[in-house]
Amino acid sequence: MKRTFSFGSEREGLVVVTGIAFIAATYGLVRLAYGLFLPDIQTDLALDSARAGYISAGSSLVYCLAALCGFLFGRRRPRTLIVVAMATAAGGVWGMAVAAHLVVFGISAVIASVGAGLASPAMVSVVRRNLAAERIDRGQSMVNSGTGPGLVGAGLLALLFLPGWRLTWAVIGVITVFITIALLTADRPGSAYRDEQRDALSVDWVRRHRTALTAAVLLGVASSAMWTYGRAILVDTGGSSQRGTIIAWIMIGVGGAAVAGSAIPLAKRTATCAWILSCSTMTVGILLVAAAPGQMVVALVGCLFFGWGFTSSTSALIAWTSAIDATRSAAGTALLFIALMFGQAVGATALGAIITAASYLVAFVVAAAIAALSIAVSTLERTVRRADAEEADAMVEPGRAPSDEPGQQLSAGPAPTERVAGDLGVQPCR
């Protein structure tokens, strides 16, 4: 028994570690490192902020299409999605590395984002079928925190190779291939699989996600300021050296990696409570960078706050859809991440135009205001759930408990946050 348990624990640990590395590669190294290398790319390819925003927007829209494929096939073919994610991510960055023309570079950058779009829903299914039920939520949060280590790795590669961004992209492609092979080796397709229901895209199911979808879009718009123009604002202010701006980017990754350490205390909070805490931290980070981009210490703290806030917010989205319907968590994750990246597409374009017409400061303040709006929207969730429950309770005949007649219980829809928290031992926001 001891040997069997040890083997199972080791395999689960290997799935989590390789899953973290896979998210680190597809997100931190491939998709999000675009903003890290952008100042050097702009110099070599004569790329202005507006066109850089168009490329970022195109990448986000293609990500949405890829995540939609993950929504449709993540439950049944996660390994196929992982292989395609590897091919597009590695192929895209290799295309960027050899691109001599802006059009070729832009197309390659867009293709590279497909990998990230497929990665998240695929990993939700892989974690669910390889980990014990009581460890799934923590495992999902840890895997999702892989963005942080990926950003740190991208920053370290930048310190080694920049301004040689082409060589950096080439190395990133090789790393992505090796990590994917390790993940496929760790995954056991024959493991006990907690199947998801097929009717995930019902009207009622989508309706129950309406608040989370709105919050996710707003998060995407706000976060695009840092992901696309975060290093550019530090470079253009002239207050920091190239090495200093790269270190600031690494601090975003450090903040994201710290989410793995805070996964347990955050898991004890309701999803909306975790969202409020995470988005508040991210908002403060954006404002710090906007207010004093030339002050390196302030910028480092702002980047750290942003990294933790954004990454924990994406973990909160996974917890949010799991709280709504745990049996369709992979589909819900894909849906919310599509909304998130759609927001990033809108944000990259709109904020790029604001930077060109006004300044970085104005664009970043607008982004922070939108992040604050996402916090306000999330508070509607508790109100909506309480109203649903009260309406259902009012339908129950006075003097008789809803469970008096088996098979005649009224469905109250999603339980109020406080009720779910009490049932699961989770601490609600106070």
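# Exercises on a predicted model

The structure holds 0 disulfides. The model is a predicted one, and each exercise below is followed by a worked solution.

## Exercise 1: Cysteines

Find how many disulfides the structure holds, and decide whether Cys 64 and Cys 303 are buried or exposed.

Solution.

Step 1. A disulfide is a covalent bond between the sulfur atoms of two cysteines. The count for this structure is 0.

Step 2. The cut-off for a buried residue is a relative accessible area under 20%. Cys 64 has 9% relative accessibility, so it counts as buried.

Step 3. Cys 303 has 2%, and therefore also counts as buried.

## Exercise 2: The span of helix α5

Compare the expected span of helix α5 with the distance between its end C-alpha atoms, then locate its kink.

Solution.

Step 1. Helix α5 covers residues 102-130, which is 29 residues.

Step 2. The expected span is 1.5 Å times one less than the number of residues. For α5 this gives 42 Å.

Step 3. The end C-alpha atoms of α5 are 43 Å apart, which agrees with the expected value.

Step 4. The helix has a kink of about 30 degrees at Ala 119. The proline Pro 121 follows shortly after this point.

Step 5. As for its surroundings, α5 is mostly covered, with 25 of its 29 residues buried.

## Exercise 3: The span of helix α10

Repeat the comparison for helix α10, and state where its kink is centred.

Solution.

Step 1. Helix α10 runs over residues 210-237 and has 28 residues.

Step 2. At 1.5 Å a residue, 40 Å is expected. From first C-alpha to last, α10 reaches 39 Å, close to that value.

Step 3. The kink in α10 is about 65 degrees and is centred on Tyr 229.

Step 4. Of the 28 residues of α10, 22 are buried, so this helix is largely enclosed by the rest of the structure.

## Exercise 4: A salt bridge between distant parts

Work out which parts of the chain are tied together by the pair Asp 187 and Arg 79.

Solution.

Step 1. The whole structure has 7 salt bridges. In one of them, the side chains of Asp 187 and Arg 79 meet, with 3.1 Å from N to O.

Step 2. Arg 79 belongs to helix α4 (residues 78-98), while Asp 187 sits in the loop between α8 and α9, so the pair ties together parts that are 108 residues apart in sequence.

Step 3. The two partners are covered to these extents: Asp 187 is buried at 3%, and Arg 79 is partly exposed at 27%.

Step 4. Arg 129 joins Arg 79 and Asp 187 in a network of salt bridges.

Step 5. Ala 186 lies in helix α8 and is buried, with a relative accessible area of 1%. Its C-alpha atom is 7.5 Å from that of Thr 18, although the two residues are 168 residues apart along the chain.

## Exercise 5: Salt bridges within a helix

Explain why Asp 204 can be related to both Arg 207 and Arg 208 by about one helical turn.

Solution.

Step 1. Asp 204 forms a salt bridge with Arg 207, where the closest N and O atoms are 2.9 Å apart. Asp 204 also forms one with Arg 208, at 3.8 Å.

Step 2. Asp 204 and Arg 207 are 3 residues apart in helix α9, which means about one helical turn separates them. Arg 208 and Asp 204 are 4 residues apart in α9, again about one turn.

Step 3. An α-helix has 3.6 residues a turn, so residues three or four places apart point the same way.

Step 4. Asp 204 is partly exposed at 38%, and Arg 207 is partly exposed at 36%.

## Exercise 6: A surface patch and two loops

Name the residues of the nonpolar surface patch, then describe the backbone at Pro 163 and Ala 46.

Solution.

Step 1. Trp 94, Val 174, Phe 178 and Ile 181 make a nonpolar patch of about 400 Å². Helix α8 (residues 165-186) gives the largest share, 3 residues.

Step 2. Ile 181 lies in α8 and is partly exposed at 46% relative accessibility.

Step 3. Pro 163, in the loop between α7 and α8, is joined to Leu 162 by a cis peptide bond with omega of about 10 degrees.

Step 4. Ala 46 is not a glycine, yet its phi is positive, about 55 degrees. Ala 46 is placed in the loop between α2 and α3 and is exposed at 54%.

Note on methods. Residues are numbered from 1 along each chain as its sequence is written. This is a predicted model: local features need pLDDT of at least 70, side-chain atom pairs count only at pLDDT 80 or more; totals for chains, interfaces and linings use all residues. Side-chain values use heavy atoms; hydrogens and water are left out. Helices (H or I, at least four residues) and strands (E, at least two) are DSSP runs, numbered from the N terminus. The bend at a residue is the angle between axes fitted to the seven residues ending there and the seven starting there. Buried means under 20% relative accessible area, exposed over 50%, partly exposed in between (1.4 Å probe, protein chains only). Patches are made of residues with over 30% relative accessible area and no salt bridge: like charges are joined within 9 Å, nonpolar side chains (Val, Leu, Ile, Met, Phe, Trp, Tyr) within 5 Å. Accessible areas come from the Shrake-Rupley method with a 1.4 Å probe; for residues, only the protein chains shown count as cover. A salt bridge is a side-chain nitrogen of Lys or Arg within 4 Å of a carboxyl oxygen of Asp or Glu. A disulfide is a pair of cysteine sulfur atoms within 2.5 Å.
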